[in-house]
Amino acid sequence: MTEPGNKATARATPPRGDLTVETTQQLLWLGRQPRPMAPRGAVGALSDRVLVYARRSHVPAVLRVLGTDGTGLMVIGPRPGQPMPKATDFDYEGPIALDPDAYGYHMATPDKPFLLPEDGFAGTNPTLGDVLDAQLRAGYTVACTPTGYIGAGDTASLCAAAQQVKALNRTDTLFVAALDVSLVDRAFFSQTRAILQDAGCPIALVLGKQGDPLTHSTRIIPNLRLLAATVPLMPICTDFNALDLVAHGAFAAAIGTGGSIRHAVPPPRKPMAFVRDKSPSVLVPELMCWWKGAKISMLCGAAPSRSPRCSCAICENQPLTRFKYEEDQPEAIAHAAATWLDIAAGLLDQPTLRDRAEYWRNICKGAVDEHEMLAKRVRRIDPLPVQKPLKQWADLPAWLTD
Ligand SMILES: [Zn+2]
């Protein structure tokens with residue numbers, strides 16, 4: 001691959017919107033590449049893969065469908081102070097990483113951007129480097145930083161974390177950046193992008209907000225696409241945002257198996273509220289969204305023949321109305337992973353990044369249209385609302401320079 005800037009690639013293309021001429025050239029060049037640039041060193045092993053991001057308890061369900069090509073496993077670490085599992089504790093041959101999930105317990109400050117164990121004597125407490133080495137010794141493909149949650153507008157803590165990671169100068173590490181979503185919105189985006197670019201380390205990005213971070217403002221999705229195209233990015237602990245960004249230059253991604261691990265909330269996490277509806281969260285493939293099993297049953301009413309069916313290896317054409325009870329959750333997780341792993345494989349197979357972006361946009365357009373078809377099939381008078389991010393993925397131009 002030749003970097004942009006030489007005469008052959010530097011056609012006089014007018015910059016679009018707030019993109020500079022240089023960024024526009026870079027994006028046009030990236031769109032023609034067969035895949036994003038792989039990070040140097042051990043992190044390169046994750047390149048061009050969409051991983052499953054799972055709690056330890058969800059791993060057995062996931063392993064029913066997880067292959068080793070184009071994917072991998074990212075497991076959420078134990079609570080602080082608990083022993084770390086070894087990579088070999090999981091019966092999986094593909095790339096495997098452990099997210100220490102420090103952002104669930106610690107709010108980053110400029111003085112203490114990372115959550116490090118304090119079980120040594122004064123002066124002998126483990127350093128950031130020691131914590132990363134321990135993950136590699138436990139057999140993980142790469143190490144992940146125990147970064148605290150970066151609060152709204154807190155570029156000072158983000159900068160402090162990035163500078164410490166940069167100083168380690170490692171190629172076996174992902175810099176986990178759990179950012180309050182305001183940091184990728186209008187006011188802070190340029191500063192955030194500059195800090196992440198300067199970290200000199202691939203970024204495992206987690207978005208934080210109470211509720212869906214992608215609906216925070218209409219700038220979030222375009223800004224994330226620009227971030228994916230201009231820093232070595234791996235969105236983790238997320239939903240189909242993972243596929244949107246892998247279609248726009250992210251070198252890898254990891255999709256969460258449950259609703260609470262498809263974005264982060266600021267610490268301390270509140271205990272789970274009492275939920276009356278114990279039916280599992282189910283991926284409805286034709287709508288590209290997750291619904292509670294009870295909602296699918298209610299919508300299809302007494303006519304399960306109208307239920308959406310799924311042809312994945314787990315469902316074998318059975319109706320989705322079958323996911324009713326808490327004990328159906330492992331199968332719902334396996335069904336979701338089997339389904340999106342297929343979509344991810346189709347995406348990764350495209351000849352260029354721009355083709356990926358168009359392939360992804362077509363999937364989203366199809367899913368938006370399918371909302372209307374399903375509403376008709378179940379004889380619903382009101383339209384089925386389309387989730388805002390899906391609508392935006394379907395409506396935005398496929399590539400940032402279009
Ligand atoms: Zn299925």
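Two strands are taken to pair if DSSP finds at least two bridges between them, and in this predicted model strands E1 and E2 meet that condition, being joined by 3 bridges and running parallel. Within this pairing, Tyr53 stands opposite Met74 of E2. Strand E2, which spans residues 73–76, also pairs with strand E3, residues 96–99, again in the parallel sense and over 4 bridges; here Val75 stands opposite Leu98 of E3. E2 is thus described by its pairing with E1 and by its pairing with E3.

The two faces of E2 were then considered separately. In a regular strand the side chains alternate between the two faces of the sheet. In E2, Leu73 and Val75 lie on one side, Met74 and Ile76 lie on the other, and all four are buried, so that both faces of the strand are covered. Met74, the residue that Tyr53 stands opposite, and Val75, the residue that stands opposite Leu98, therefore belong to opposite sides of E2, and each of them is buried by the criterion of 20 or more other C-beta atoms within 10 Å of its own.

At the level of the whole chain, the protein is divided into domain 1, residues 21–261, and domain 2, residues 281–395. The centres of the two domains, taken over C-alpha atoms, are separated by 26 Å, and the contact between them takes 32 residues from domain 1 and 28 residues from domain 2. On the side of domain 1 that touches domain 2, at least two residues each are supplied by helix H1 (21–31), strand E1 (49–54), helix H2 (59–63) and helix H7 (241–246), with the largest share, 3 residues, coming from H7. By class, this side of domain 1 comprises 16 nonpolar, 12 polar and 4 charged residues. Strand E1, one of the elements supplying this side, is also the strand that runs parallel to E2.

A helix pair was examined next. The axes of helix H9, residues 329–348, and helix H10, residues 353–377, come within 9 Å and cross at roughly 145 degrees. Ile343, Gly346 and Leu347 of H9 make this contact with Arg356, Tyr359, Trp360 and Ile363 of H10, and the class composition of the contact is 5 nonpolar, 1 polar and 1 charged residues.

As to confidence, the mean pLDDT of the protein chain is 93, and 93% of its residues reach 70 or more. Over residues 5–12, however, the pLDDT is below 50, and this stretch has 6 contacts in the model beyond near neighbours in sequence. Where pLDDT is low, the predicted coordinates should not be read in detail.

Definitions and conventions: Residues numbered from 1 in each chain as written. Predicted model: local features only at pLDDT ≥ 70, side-chain atom pairs only at ≥ 80, totals over all residues. Domains from an automatic or database assignment. Contact = placed C-beta atoms within 7 Å. Nonpolar A, V, L, I, M, F, W, Y, C, P; charged D, E, K, R; others polar. Buried ≥ 20, exposed ≤ 12 C-beta atoms within 10 Å, placed from the backbone. pLDDT = per-residue confidence, 0-100. Axes fitted to C-alpha atoms, helices over the stretch in contact; angles between N-to-C directions.
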